[in-house]
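Hi,

Here is the structure I promised to pass on. Have a look at it first, then read my notes underneath.

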Amino acid sequence: MTAPTALLALEDGTVFRGSGFGAEGEAFGEAVFNTGMTGYQEVLTDPSYTGQIVTMTAPQQGNYGMHATDAESERIHVAGFVVREAARRASNSRADGTLGEGLDAAGVIGIEGIDTRKLTLRIRDAGAMRAAISTEDLEPTSLVDRVRESPGMAGADLARTVTTPEPYDAGAVVGPADTSRGRLLRVAVYDFGVKRNILRILAAAGMEATVVPAETPARDVVAGGFDGVLLSNGPGDPAATPYGVAAATQLLGRLPMFGICLGHQLLGLALGGRTYKMPFGHRGVNQPVRDTRTGEVRITSHNHGFAVDPTVWGRGPDGSVRTASGRIEMSHVNLNDDTLEGLRCLDVPAFSVQYHPEAAPGPHDARGLFDDFRTLMEGRVGSSSEPASDSPTERGSSSEPASDSPSESKT
């Protein structure tokens with residue numbers, strides 16, 4: 001069977017001609033790139049990639065096929081997939097299908113046979129931009145014009161499009177929590193686009209997780225008798241996720257809190273900070289991050305196009321950063337571009353990281369953060385929690401902070 005001709009068009013007018021694979025049709029989204037050499041199935045099924053056309057920089061993809069147990073959610077979430085070459089055969093005894101078959105079944109269009117190095121360099125130079133893949137509109141000028149009429153990622157509230165409609169017990173998806181760690185701790189996981197490996201590692205650390213919808217009121221979580229709350233990863237603009245900011249604001253100081261990726265950004269906004277859109281973001285499994293307290297450097301997995309601006313917070317006479325919820329410290333920094341990678345609250349039990357300690361795909365350097373979360377909760381077991389206020393401003397922080405570019409951001 002002959003592969004259909006496909007076009008990839010960027011909003012700056014750049015057009016690539018290649019061959020379609022997976023489903024046929026059209027897809028619009030934000031063009032980004034991922035530098036991981038493996039892990040394409042985890043990338044495809046990560047809800048954080050909703051609305052994005054993902055280019056893999058490693059030249060061959062699909063070599064080991066697709067397997068249901070490797071998925072990070074119930075379906076493929078990318079808008080489109082771009083590779084140099086897609087394997088026609090799955091060279092792995094575990095595989096239950098090929099990459100192309102997986103995309104086709106999900107109705108997701110892919111394009112191969114283009115110069116992915118050139119495309120990646122274009123995104124690095126010009127930044128992430130709107131794009132489209134089409135096997136139908138093969139006229140470059142027409143497709144570029146339509147791309148320019150499509151919505152961008154800034155201001156996009158996407159978490160509500162991928163969240164669970166109803167609460168569920170994570171054990172039904174990843175199995176029961178490990179009881180060898182002692183008392184089982186109960187965690188409410190806000191699903192802004194949660195990955196299954198987060199739930200797996202929580203269970204391995206002796207934490208029973210209940211996954212709740214993104215717009216769950218904080219008072220419901222407090223009333224649920226949980227020992228802690230996790231703010232998950234997810235897609236879209238954090239400043240366009242006011243319900244997440246409100247929950248984080250109202251739960252600060254009431255329950256121990258751990259934020260990952262979008263959850264980190266929401267915690268930053270709840271602390272009175274602001275976020276900005278990065279030129280092309282971090283997506284891959286090889287980002288070096290330094291712990292500012294210990295000096296330890298970890299190689300970490302990333303997938304984000306927004307970041308928290310650390311310059312918005314003033315510093316007190318003793319050098320500490322003070323917010324409406326007490327003192328905080330910038331706990332982690334990216335060694336490639338000095339962007340903020342973590343926050344630690346000093347007066348309330350809360351911390352967050354921009355990277356993915358569950359790392360699926362990626363290195364396991366940062367998995368100890370889940371143990372840190374357990375320790376934080378164990379220190380609070382038996383303490384009382386006051387009911388959360390309905391008003392996110394009662395704690396001195398707005399639920400709808402602006403998302404601006406910092407005056408001197410590094411890229």
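Below is what I found in it, starting with the whole chain and ending with the inside.

Keep in mind that this is a predicted model. The protein chain has 11 helices and 20 strands. Its C-alpha atoms fill a box of roughly 65 × 50 × 40 Å along the principal axes. Is that what you'd expect of a compact globule, or the opposite? For 411 residues, such a globule would have a radius of gyration near 22 Å, and the protein chain has 21 Å, so the two agree.

How much of the chain is buried? Of the 411 residues, 58% count as buried. Also, among contacts with a separation of 6 or more, 77% are between residues 24 or more positions apart.

On the outside, the accessible surface comes to about 16100 Å², and 47% of that belongs to carbon and sulfur atoms. The protein chain carries 37 positive and 52 negative charges, and the mean positions of the two sets are 4 Å apart.

Now for the inside. The largest nonpolar core has 36 residues, and those with the most contacts inside it are Y190, F192, L251, L252, M257 and W313. Elements giving two or more residues to this core include strand 11 (185-191), helix 9 (242-251) and strand 18 (326-334). Try clicking on L251: leaving aside residues up to four places away in sequence, L251 touches Y190, A218, V221, V222, V229 and M257. There is also a second, separate core of 26 residues, with V194, A209, F258 and C261 among them.

Cheers

Note on methods:
Residues are numbered from 1 along each chain as its sequence is written. This is a predicted model: local features need pLDDT of at least 70, side-chain atom pairs count only at pLDDT 80 or more; totals for chains, interfaces and linings use all residues. Side-chain values use heavy atoms; hydrogens and water are left out. Helices (H or I, at least four residues) and strands (E, at least two) are DSSP runs, numbered from the N terminus. The radius of gyration is taken over C-alpha atoms; the globule rule is 2.2 Å times the number of residues to the power 0.38. Buried means under 20% relative accessible area, exposed over 50%, partly exposed in between (1.4 Å probe, protein chains only). Contact means heavy atoms within 4.5 Å. Accessible areas come from the Shrake-Rupley method with a 1.4 Å probe; for residues, only the protein chains shown count as cover. Lys and Arg count as positive and Asp and Glu as negative; His and the chain ends are not counted. The place of a charge is taken as NZ of Lys, CZ of Arg, CG of Asp or CD of Glu. A nonpolar core is a set of buried Ala, Val, Leu, Ile, Met, Phe, Trp, Tyr and Cys residues joined through side-chain atoms within 4.5 Å.
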